[in-house]
Amino acid sequence: MAIERTFSIIKPDATRRNLTGKVVAKFEDAGLRVIASKRIQMSREQAEGFYAVHKERPFFGELVDFMISEPVIVQVLEGENAIAKNREVMGATNPADADAGTIRKEFALSIGENTVHGSDAANTAAEEIKFFFADAELVG
Ligand code: ATP
Ligand code: MG
């Protein structure tokens, strides 16, 4: 296994309910280290660009409206096998399908308001990190 970096967003349903510390604790308990973090209000243009891969999906408008509804926390997580490990600790997209102990099982409200985003592969992790962070902001 290798040390990897992955990109995470703590979504508006979590910032709204003051759950950001509880979410970060799940990352840290899983052995992931937060090496960059900022709280931002995403613009519509940013959200549409970030989720461009989903633009033909029926939920795209709803997803963009949600992601700009409240501030979010964008982060870079580092650790052994970080991309897969983060997906594991996040749980399934739909909280109804998520395993016990995962972030989405414990905190998500619905398939849309599902508390966290995490990169799904090495190439998307690199692209997503670059979308929100300059190299100098990553302090491992
Ligand atoms: P993410 O990319 O946010 O980490 P994911 O990879 O588990 O989540 P995707 O299929 O990439 O899931 O969907 C991106 C996001 O779009 C989901 O996290 C969720 O917020 C939203 N979404 C997905 N499916 C639906 C749906 N059927 N209805 C409403 N929103 C949805
Ligand atoms: Mg995804």
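Four strands form an open sheet in the order β2-β3-β1-β4, and their pairing is antiparallel. The edges are taken by β2 (33-40) and β4 (116-118), each of which has a single partner strand, so one side of each is left without a neighbour in the sheet. From one strand to the next, the twist averages 20°. The model described here is predicted.

The pairing can be followed strand by strand. Strands of a sheet pair through backbone hydrogen bonds, either parallel or antiparallel. Strand β1 (residues 3-10) pairs with strand β3 (residues 72-80) in the antiparallel sense, over eight bridges. Two of the residues that show this register are Glu-4, whose bridge partner in β3 is Gly-79, and Thr-6, whose bridge partner in β3 is Leu-77. On β2, the antiparallel pairing with β3 is made by seven bridges. Here Ala-36 has Val-76 of β3 as its bridge partner.

How much of β3 is buried? Eight of the nine residues of β3 are buried, which leaves this strand mostly covered. One element that lies over the sheet is helix α5 (residues 82-90), which lies across β1, β3 and β4. Helix α5 runs at about 35° to β1.

The segment after α7 also meets the sheet. Phe-133 is found in this segment. Phe-133 counts as buried because its relative accessible area is 6%, and the cut-off for buried is under 20%. Which residues does Phe-133 touch, apart from those up to four places away in sequence? They are Phe-7, Ala-36, Ser-37, Lys-38, Val-74, Gln-75, Val-76 and Leu-138. Among these contacts, Ala-36 and Val-76 are also bridge partners of each other in the pairing with β3. By contrast, the C-alpha atoms of Phe-133 and Asn-18 are separated by 24 Å, the two residues being 115 residues apart along the chain.

Charged side chains add further links. Side chains of opposite charge can pair when their charged atoms come close. A search of the whole structure finds six salt bridges, and three are described here.

One of them involves the segment after α7 again: Lys-38 forms a salt bridge with Glu-137, with the closest N and O atoms 3.1 Å apart. This pair links distant parts of the chain, since Lys-38 is in strand β2 and Glu-137 is in the segment after α7 (122-132), 99 residues apart. Lys-38 is partly exposed at a relative accessible area of 25%, and Glu-137 is partly exposed at 35%.

Another salt bridge joins Glu-113 and Arg-16, whose closest N and O atoms are 3.3 Å apart. Glu-113 lies in the loop between α6 and β4 and Arg-16 in helix α1 (residues 12-16), so that distant parts of the chain, 97 residues apart, are linked. With 25% relative accessibility, Glu-113 counts as partly exposed. Arg-16 also counts as partly exposed, with 42% relative accessibility.

The third is formed by Asp-65 and Arg-44, with the closest N and O atoms 3.0 Å apart. Because Asp-65 lies in helix α4 (residues 60-67) and Arg-44 in helix α3 (residues 44-50), the pair ties together parts that are 21 residues apart in sequence. Asp-65 counts as partly exposed at 41% relative accessibility, and Arg-44 is partly exposed with a relative accessible area of 36%.

Arg-104 is a charged residue without such a partner. It is placed in helix α6 (residues 103-107). Arg-104 is buried yet has no salt bridge. How far away is the nearest side chain of opposite charge? That side chain belongs to Asp-13, and it is 8.3 Å away, whereas a salt bridge requires the nitrogen and the carboxyl oxygen to be within 4 Å. What does lie 2.8 Å from a polar atom of the Arg-104 side chain? The answer is the backbone oxygen of Val-116. Val-116 belongs to the stretch 116-118 that forms the edge strand β4. Leaving aside neighbours within four places in sequence, Arg-104 is in contact with Lys-11, Met-90, Gly-91, Ala-92, Thr-93, Pro-95, Ala-98, Asn-114 and Val-116. One of these residues, Met-90, falls within helix α5 (residues 82-90), the helix that lies across β1, β3 and β4.

Note on methods:
Residues are numbered from 1 along each chain as its sequence is written. Chains are lettered from A and ligands numbered from 1 in the order in which they are written. This is a predicted model: local features need pLDDT of at least 70, side-chain atom pairs count only at pLDDT 80 or more; totals for chains, interfaces and linings use all residues. Side-chain values use heavy atoms; hydrogens and water are left out. Buried means under 20% relative accessible area, exposed over 50%, partly exposed in between (1.4 Å probe, protein chains only). Lys and Arg count as positive and Asp and Glu as negative; His and the chain ends are not counted. A polar contact is a pair of N or O atoms within 3.5 Å; within protein, one must be able to donate a hydrogen and the other to accept it, and residues adjacent in sequence count only if both atoms are side-chain atoms. Contact means heavy atoms within 4.5 Å. Two strands pair if DSSP finds at least two bridges between them. Axes are lines fitted to C-alpha atoms, for helices over the stretch in contact, and angles run from 0 to 180 degrees between N-to-C directions.
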